[in-house]
Amino acid sequence: MIEQEIYDLMERFGRSGLSALKLSTPDYTIELNQGGSAPALAASQATQSPDACPDAEAALTVNAPMVGTFYSRPSPEQEPFVKVGDTIRKGQPLFLLEAMKMMSEVPAPCDLVVESVLKADGALCSFGEPLLRYRAV
């Protein structure tokens with residue numbers, strides 16, 4: 001499978017109603033997942049249940065769900081999704097991650113106040129790397 005075919009597969013998968021796809025051949029395996037927010041928004045406390053909002057006093061992080069490029073704004077000429085001190089509602093976009101020319105919006109895991117943005121716009125990030133520090137409200 002050539003690179004363009006992989007991009008085409010990812011694009012079609014993104015438009016489909018599927019939440020997971022696994023394609024295996026003797027030469028390679030491709031796994032695609034979408035729609036699940038739990039891995040992308042795993043807070044720094046492993047004991048937290050997915051629907052529970054953490055203790056309002058604890059400083060938590062939103063971590064990178066994949067390797068990619070961090071973008072704090074929808075486009076270079078627009079304002080950032082969030083700024084330090086902003087109060088954000090659950091599900092509101094926090095930032096974008098780009099991987100293989102696909103942009104993924106990362107939503108807020110709960111109602112929160114942004115304490116700090118840990119990455120610069122356009123910076124590369126690793127899987128699981130903290131990108132934003134917040135306090136639950």
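The paragraphs below lead through the fold, the core and the cysteines of this structure. The model is predicted, so that local features need pLDDT of at least 70 and side-chain atom pairs count only at pLDDT 80 or more, while totals for chains, interfaces and linings use all residues. Residues are numbered from 1 along each chain as its sequence is written, and side-chain values use heavy atoms, with hydrogens and water left out.

The protein chain contains 1 helix and 10 strands, taken as DSSP runs numbered from the N terminus (helices H or I of at least four residues, strands E of at least two). Read from the N terminus, the order of elements is α-β-β-β-β-β-β-β-β-β-β. Among contacts (heavy atoms within 4.5 Å) with a separation of 6 or more, 53% join residues 24 or more positions apart.

Of the 137 residues in the protein chain, 29% are buried, meaning under 20% relative accessible area, with exposed over 50% and partly exposed in between (1.4 Å probe, protein chains only). In soluble globular proteins, nonpolar side chains tend to be buried together. Here the largest nonpolar core (buried Ala, Val, Leu, Ile, Met, Phe, Trp, Tyr and Cys residues joined through side-chain atoms within 4.5 Å) has 21 residues, with Phe-95 and Leu-97 making the most contacts inside it. At least two residues of this core come from each of strands E3 (59-63), E6 (93-99), E8 (112-117) and E10 (130-136). Beyond its neighbours within four places in sequence, Phe-95 touches residues including Val-62, Phe-70, Phe-81, Val-106, Leu-131 and Leu-132.

As for the cysteines, Cys-110 is buried at 5% relative accessible area, and Cys-125 is buried at 3%. The whole structure has 0 disulfides, a disulfide being a pair of cysteine sulfur atoms within 2.5 Å.
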